[in-house]
Amino acid sequence: MELPSHRLDPRMLTVWYRSSFVLIAGTLVCTGVAVGLALHFAWPLVIVLGIAAVILIIELIDLAISPRVEYATWRYDVTPTEVDLYHGVLVKKRIIVPLVRVQHVETKQGPLLKASGLAAVRISTAGESFEIPGLAENEAHALRDRVAELARLAKEDL
């Protein structure tokens with residue numbers, strides 16, 4: 001079976017980078033608070049700084065690798081009978097969602113997606129939800145409507 005052919009909007013790469021920078025900034029703020037507490041209560045500063053350093057190194061490695069690999073692997077297709085998703089960094093996932101199982105479809109935007117003019121499409125079944133994370137807003141709305149219509153038609157055929 002061939003991989004799905006549609007890709008995410010290239011601006012999603014920027015969103016993932018920005019998200020990583022926000023995480024790193026949060027870690028630095030938490031480190032500052034922890035250092036302040038360590039100095040106030042006379043805790044060993046080396047332990048606090050060591051833990052913070054390990055966390056920051058992991059976050060920097062993730063920043064350097066994950067967004068590019070995730071963007072390169074994310075693919076999706078919508079056929080008259082199913083939604084086909086493929087993605088992953090270390091573990092690649094291939095998910096086939098039969099349209100007859102779809103209960104609802106929605107678009108969503110957080111602040112980073114909205115600032116980039118992107119939206120995510122979430123497809124929900126009785127058991128799980130699946131998300132296509134970074135599409136241009138108009139493309140996301142069109143995909144949401146198309147999946148909803150195809151799901152309706154698939155249920156009528158039963």
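Good morning. I begin with a single pair of residues: Arg-75 stands opposite Tyr-86 in strand 3. This is a predicted model, and I shall move outward from that pair to the sheets and then to the helices.

Arg-75 belongs to strand 2, residues 75-78, which is joined to strand 3 by four bridges, the two strands running antiparallel. Further along this pairing, Val-78 has Val-83 of strand 3 as its bridge partner. The connection between strand 2 and strand 3 is a hairpin, with three residues lying between the strands.

Two helices meet the sheet here. Helix 2 packs on the sheet and touches strand 1, strand 2 and strand 3, its direction making about 150° with that of strand 3. Helix 4 also packs on the sheet, where it touches strand 2 and strand 3; the angle between its direction and that of strand 2 is about 45°.

On its other pairing, strand 3, residues 82-87, is joined by six bridges to strand 4, residues 93-98, and this pair is again antiparallel. Glu-82 faces Pro-98 of strand 4, while Leu-85 has Ile-95 as its bridge partner in that strand. The hairpin of strand 3 and strand 4 has five residues between the strands, and in it Gly-88 adopts a positive phi near 140°.

How much of strand 3 is buried? Five of its six residues are, so the strand is largely enclosed by the rest of the structure.

Taken as a whole, this sheet is open and consists of four strands in the order 1-2-3-4, paired in the antiparallel sense. Strand 1, residues 6-7, and strand 4 occupy the edges; each has a single partner strand, so one side of each is left without a neighbour in the sheet.

I turn now to the other sheet. Three strands make up an open sheet in the order 5-6-7, with antiparallel pairing. Strand 5, residues 104-108, and strand 7 stand at its edges, each with a single partner strand, and one side of each therefore lacks a neighbour in the sheet. From one strand to the next, the twist averages 20°.

Within this sheet, strand 6 and strand 7 pair in the antiparallel sense over six bridges. In that pairing, Ile-123 stands opposite Phe-130 of strand 7. Helix 4, residues 137-156, packs on the sheet and touches strand 5, strand 6 and strand 7, and its direction makes about 145° with that of strand 7. Helix 1, for its part, lies across strand 6 and strand 7, running at about 110° to strand 7.

That brings me to helix 1 itself. What span should its 31 residues, 11-41, cover? At 1.5 Å a residue, the helix should span 45 Å, and its end C-alpha atoms are 45 Å apart, which agrees. Helix 1 is followed by Ala-42, which has a positive phi, near 60°.

Which residues of helix 1 are buried? They are Met-12, Val-15, Trp-16, Ser-20, Ile-24, Thr-27, Thr-31 and Ala-38. These buried residues pack against helix 2 (45-73), helix 3 (111-115), strand 6 (118-124) and strand 7 (129-136).

Let me take one of them as an example. Thr-27 lies in helix 1. With a relative accessible area of 11%, Thr-27 counts as buried, because the cut-off for that term is under 20%. Leaving aside residues up to four places away in sequence, Thr-27 touches Ile-55, Leu-56 and Glu-59.

Finally, I come to the packing of helix 1 with helix 2. Two packed helices are described by the angle between their axes and by the distance between those axes. For helix 1 and helix 2, the angle is about 180° and the axes are 10 Å apart. Helix 1 is therefore roughly antiparallel to helix 2. Sorted by class, the residues of this contact are 21 nonpolar, three polar and four charged.

To close, I return to the two sheets. One has the strand order 1-2-3-4, and helix 2 packs on it. The other has the order 5-6-7, and helix 1 lies across its strand 6 and strand 7. Helix 4 touches strand 2 and strand 3 in the former, and strand 5, strand 6 and strand 7 in the latter. Thank you.

Notes: Residues numbered from 1 in each chain as written. Predicted model: local features only at pLDDT ≥ 70, side-chain atom pairs only at ≥ 80, totals over all residues. Heavy atoms only, no water. Expected span 1.5 Å × (residues − 1). Buried < 20%, exposed > 50% of the residue type's maximum accessible area, 1.4 Å probe, protein only. Contact = heavy atoms within 4.5 Å. Pairing = 2+ DSSP bridges. Axes fitted to C-alpha atoms, helices over the stretch in contact; angles between N-to-C directions. Parallel < 35°, antiparallel > 145°, perpendicular 65-115°, else oblique. Nonpolar A, V, L, I, M, F, W, Y, C, P; charged D, E, K, R; others polar.
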